[in-house]
Amino acid sequence: MSASARRREIFHRVLADGYVDAKTLSTALGVDSSTIRRDLDALAREGKVERTHGGAKAVDGVSFEVPYVLKKDVRRAEKTAIAESAAALVADGDSVVLDSGSTTYEVAVALRHRSSLTVLTNDLRIAKFVATFPDVRLLVSGGELLGSVYTLIGDHAVAFMSQYSARWAFLGADAIDPTAGITNTNTLEVPVKRALIAAAASTVVVADHSKFGHRTLARIATIDEVDRVITDSGLPEDLRGGYHGKLVVTEVPNGS
């Protein structure tokens, strides 16, 4: 892989995940850590990323509208395992709020065989998929479309969520840290995500292991404000503390 292609891949990962770890990149891309450091430094000079200790993150204050196509196949096996664990909480007849995102989309996929669900969402891709369920009541927020990520935001989306009281909310995250809590790169999404949490009796955060141990610009919620945090078994042991018994680690099947 050429340096330019490698840096494009690194930048896409930053856009998709909000953060990249240099050691992980070195292994994934098959180059030594000094090469990755040079790549990250070059991207930082171009203003595309912000360097951190051990990696890089999305630039604070810049709202990248990450195309869904960049997210959907990143850590797909992990997202599927997380989604199946999350969907196991939901019973037939429950009401469910689904936040926008590629992991919450997989939660929708895992819920496809439930009956008599009521689903609320501000994600147009999720809405289109849930509309194919044979036995569902689907409620879609209004609002302004956020670029190519299929997310509806703004006052109308917030007002929509405030009208309802659901059993479950499944929330995505750009970054998770025991102290900083659940944070998001794009500040425009924060009011809707807060309204989503307020609309549900129980909030479950669904996020793969790459989101942990980092913080981004805008706080969505503290750990105390959510009921469960579901991730995959790729999360290192040293990042599993501080979640007050709310962390659920799901095994990813071998060969996935």
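**Rings, helix packing and a few unusual backbone spots**

Lys48 sits over the face of Phe11, 5.3 Å from the ring centre. The model is a predicted one, and in it a second charged residue does something similar: Arg125 lies over the face of Tyr105, at 4.4 Å from the ring centre.

Tyr105 also belongs to a group of rings, since it forms one aromatic cluster with Phe129 and Phe133. A pair of aromatic rings is described by the distance of the centres and the angle of the planes. With a cut-off of 6.5 Å between ring centres, the count comes to five aromatic pairs. One of them joins Phe129 and Phe133, whose centres are 5.5 Å apart and whose planes make an angle of 85 degrees. That angle is over 60 degrees, so the pair counts as edge-to-face. Both Phe129 and Phe133 are buried. Another pair brings together Phe160 and Tyr164, at 5.2 Å centre to centre with 55 degrees between the planes. Here the arrangement is tilted, because 55 degrees falls between the limits of 30 and 60. The two partners in this tilted pair also fall into separate burial classes: Phe160 counts as buried, at 10% relative accessibility, while Tyr164 is partly exposed, with a relative accessible area of 29%.

Tyr105 leads on to helix H6, which spans residues 102-110 and is mostly covered, with eight of its nine residues buried. The buried set is made up of Ser102, Thr103, Thr104, Tyr105, Glu106, Val107, Ala108 and Ala110. So the ring that has Arg125 over its face belongs to a residue that is itself buried in H6.

Phe160 falls within the residue range of helix H8, 155-162, and this helix packs against H9 (residues 190-198). Two packed helices are described by the angle between their axes and the distance between the axes. For H8 and H9 the angle is about 5 degrees and the axes are 8 Å apart. The two helices are therefore roughly parallel to each other. What meets what at this contact? From H8 come Ala157, Val158 and Met161, and from H9 come Pro191, Val192, Ala195 and Leu196. Sorted by class, the contact has seven nonpolar residues, no polar ones and no charged ones.

Two buried helix residues are worth a look towards the start of the chain. Asp39 is found in helix H3 (residues 33-45). Is this charged side chain's residue buried or exposed? At a relative accessible area of 1%, Asp39 is buried, since anything under 20% falls in that class. Setting aside residues up to four places away in sequence, Asp39 touches Arg6, Arg7 and Ile10. Ile10 turns up again in the contacts of Leu25, a residue of helix H2 (residues 22-29). Leu25 counts as buried too, at 2% relative accessibility. Beyond its neighbours within four places in sequence, Leu25 is in contact with Ile10, Arg13, Val20, Gly30, Ile36 and Leu40. Leu25 and Ser100 are 75 residues apart along the chain, and their C-alpha atoms are separated by 26 Å.

The loops hold some backbone oddities. Ser116 has a positive phi of about 55 degrees although it is not a glycine, and its place is in the loop between H6 and strand S5 (117-121). At 40% relative accessibility, Ser116 counts as partly exposed. His244, likewise not a glycine, has a positive phi of about 55 degrees. This residue is in the loop between strand S14 (228-232) and strand S15 (247-250). At 59% relative accessibility His244 counts as exposed, because the class begins over 50%.

Gly213 is one more loop residue, placed between strand S12 (200-206) and strand S13 (218-221). With a relative accessible area of 39%, Gly213 is partly exposed. Which residues does Gly213 touch, not counting those up to four places away in sequence? The contacts are Ile176, Asp177 and Leu239. Gly213 and Leu235 are 22 residues apart in sequence, and in space 9.7 Å apart from C-alpha to C-alpha.

Methods:
Residues numbered from 1 in each chain as written. Predicted model: local features only at pLDDT ≥ 70, side-chain atom pairs only at ≥ 80, totals over all residues. Heavy atoms only, no water. Phe/Tyr/Trp six-rings, centres within 6.5 Å; stacked < 30°, edge-to-face > 60°. Buried < 20%, exposed > 50% of the residue type's maximum accessible area, 1.4 Å probe, protein only. Lys NZ or Arg CZ within 6 Å of the ring centre and 35° of its normal. Axes fitted to C-alpha atoms, helices over the stretch in contact; angles between N-to-C directions. Helix = DSSP H or I, 4+ residues; strand = E, 2+ residues; numbered from the N terminus. Parallel < 35°, antiparallel > 145°, perpendicular 65-115°, else oblique. Contact = heavy atoms within 4.5 Å. Nonpolar A, V, L, I, M, F, W, Y, C, P; charged D, E, K, R; others polar.
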